[in-house]
Amino acid sequence: QVQLVESGGGLVQAGGSLRLSCAASISISSLGTMGWYHQAPGKQRELVAAVTSGGGTHYADSVRGRFTISRDTAENMVYLQMNNLQPEDTAVYYCAARRTDIIMVDSTLWPYWGQGTQVTVSS
């Protein structure tokens, strides 16, 4: 069973930065794609960023140029560097993984999830 544990969320002012971390219980070399989703109250879970084992990336239009996803295979960690945060980025952020090396936007196609970490951006 794959376990994912997020950390790094918190409260930040607009324009600030946060770095989210996701620790995997197994070698992420065996996980094809790692990703970060967010879910705001009353809204659907949305793919924010994803990275394949080969380094291919995907970003939501709303975060492209502000967020950067990276993976550290040696440490079994995935990171989401979030810069120039805005109030609309406020949400619970979830780390997710799937074994195939294809980025899929549909959250139902990701079998492994963390418990989520809250990010709140004040104006």
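Is Asp89 buried or exposed, and what is its relative accessible area? Keep that question in mind while reading these notes on the model, which is a predicted one.

1. **The opening question.** Asp89 is buried, and its relative accessible area is 3%. The cut-off for buried is under 20%, so a value of 3% puts Asp89 in that class.

2. **The partner of Asp89.** Asp89 makes a salt bridge with Arg66, and their closest N and O atoms are 2.8 Å apart. This pair links distant parts of the chain, with the two positions 23 residues apart in numbering terms: they are 23 residues apart. Look for Asp89 in the loop between strand S8 (77-82) and strand S9 (91-98), and for Arg66 in the loop between strand S6 (57-59) and strand S7 (67-72). Arg66 counts as buried too, at 16% relative accessibility.

3. **The other salt bridge.** The structure holds two salt bridges. Besides the pair above, Asp61 forms one with Arg64, where the closest N and O atoms lie 2.7 Å apart. Here the surroundings are worth checking on your screen. Asp61 counts as exposed, with 66% relative accessibility, while Arg64 is partly exposed at 48%.

4. **Strand S5 and its setting.** Now turn to strand S5, residues 46-52. Six of its seven residues are buried, so the strand is largely enclosed by the rest of the structure.

5. **S5 with S4.** Strand S4 (residues 33-39) pairs with S5 in the antiparallel sense, over six bridges. If you would like one contact to find, take Trp36, whose bridge partner in S5 is Ala49. The two strands form a hairpin with six residues between them. In that turn sits Gly42, with a positive phi of about 80°.

6. **S5 with S6.** S5 also runs antiparallel to S6, and three bridges join them. Val51 stands opposite Thr57 in S6. This is again a hairpin, with four residues between S5 and S6. Gly55 in the turn has a positive phi of about 95°.

7. **Two asparagines to look up.** Which residues have a positive phi although they are not glycines? Asn76 is one of them, with a phi of about 55°, and Asn76 is found in the loop between S7 and S8. Asn84 is another, at about 50°. Asn84 lies in the loop between S8 and S9, and it is partly exposed, with a relative accessible area of 38%.

Notes: Residues are numbered from 1 along each chain as its sequence is written. This is a predicted model: local features need pLDDT of at least 70, side-chain atom pairs count only at pLDDT 80 or more; totals for chains, interfaces and linings use all residues. Side-chain values use heavy atoms; hydrogens and water are left out. A salt bridge is a side-chain nitrogen of Lys or Arg within 4 Å of a carboxyl oxygen of Asp or Glu. Buried means under 20% relative accessible area, exposed over 50%, partly exposed in between (1.4 Å probe, protein chains only). Two strands pair if DSSP finds at least two bridges between them.
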